[in-house]
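Me: I have a model open and some questions about how it packs. Please keep the answers short.

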Amino acid sequence: MFSFQQLSEFVFLFPPPCGILEETFCTNSFPDKGCDFLGRRGFIHTKDEIKFLVLYAMQYLDFPVTFASIVDICTWCDDGFSYFDLQEAFQEMLKSGHIQAAAGESTDMLYSITPPGCDAAQVFEKNLPAPVRESAQASALRVVRQLRRDSAISTQTTQQATNDFLVHLSMEDVFSVQMHVVSRSQAALLERNFRQNAENIYHVLLDSMIEQNFEKDTEPNP
């Protein structure tokens, strides 16, 4: 009986026809958990399966997103394929008209699913295992929430004078703050920290202001 290490070395030196040994190993070892063969885990491996996953996930995006977001969504819910596998499948769907590209406000291109892409996603939905479909939906909604959150936060720095920089920090429809700092590096630090922790900063400010007012209001009269 060969050990797994011996089997791996044998396959590396004498590879069998594509998919035969991998399919046997997955079926016998992890029939309900996807494949774990020579470092490849997950359910999704073939180019068609990657296309089905991308289209299925993009149905839950109600606005165009960057390719980086697509990578985030798909690799979060299954890791049976590489970045380059995903990129190749994605480019083919651009050419076939299942996905369309549009220029965004920044230099990054934005992508959205087309009506033919939606039709294909619905037709081939059942080709994806149920755990992958559930993870794809959750991952897409996770990215949507993050993108909406990020778009609601804005920061801007203007130089007022020598060693005087005005930093404007805003969370749309929630609060905004303006602060003066003495260097551009301090301004950049404020902007970065605000983008990462806007919600926490809001709650700290609110709690601090409420607590001070509460102590003042409850101070006993002499």
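**Cysteines, helices and cores**

Me: How far is the sulfur of cysteine 77 from the closest cysteine sulfur?
Reply: The closest cysteine sulfur belongs to cysteine 74, and it is too far for a bond. A disulfide needs a pair of cysteine sulfur atoms within 2.5 Å. The distance here is 5.7 Å.

Me: What should I know about the model and its numbering?
Reply: This is a predicted model, where local features need pLDDT of at least 70, side-chain atom pairs count only at pLDDT 80 or more, and totals for chains, interfaces and linings use all residues. Residues are numbered from 1 along each chain as its sequence is written, and side-chain values use heavy atoms, with hydrogens and water left out.

Me: How many disulfides does the structure hold?
Reply: A disulfide is a covalent bond between the sulfur atoms of two cysteines. The sulfur of cysteine 74 has its closest cysteine sulfur in cysteine 77, too far for a bond. The count of disulfides is 0.

Me: Is cysteine 74 buried or exposed?
Reply: Buried means under 20% relative accessible area, exposed over 50%, and partly exposed in between (1.4 Å probe, protein chains only). Cysteine 74 has 1% relative accessibility, so it counts as buried.

Me: How are α3 and α5 oriented to each other?
Reply: Helices here are DSSP runs (H or I, at least four residues), strands are E runs of at least two, and both are numbered from the N terminus. Axes are lines fitted to C-alpha atoms, for helices over the stretch in contact, and angles run from 0 to 180 degrees between N-to-C directions. The axes of α3 (residues 47-58) and α5 (residues 83-96) come within 9 Å and cross at roughly 70°. Angles of 65 to 115 degrees count as roughly perpendicular, therefore α3 and α5 are roughly perpendicular.

Me: Which element gives the most to the largest nonpolar core?
Reply: A nonpolar core is a set of buried Ala, Val, Leu, Ile, Met, Phe, Trp, Tyr and Cys residues joined through side-chain atoms within 4.5 Å. The largest has 33 residues, and Leu53, Val54 and Ile70 have the most contacts inside it. With 8 residues, the element that gives the most is α3.

Me: Which strand holds phenylalanine 165, and is this residue buried or exposed?
Reply: Phenylalanine 165 touches residues including Thr157, Met179 and Val182 (contact means heavy atoms within 4.5 Å). Its C-alpha atom is separated from that of valine 182 by 6.0 Å. At a relative accessible area of 7%, phenylalanine 165 is buried. Its strand is β6 (residues 164-171).

Note on methods. Angles under 35 degrees count as roughly parallel, over 145 as roughly antiparallel, 65 to 115 as roughly perpendicular and the rest as oblique. Lists of a residue's contacts leave out its neighbours within four places in sequence.
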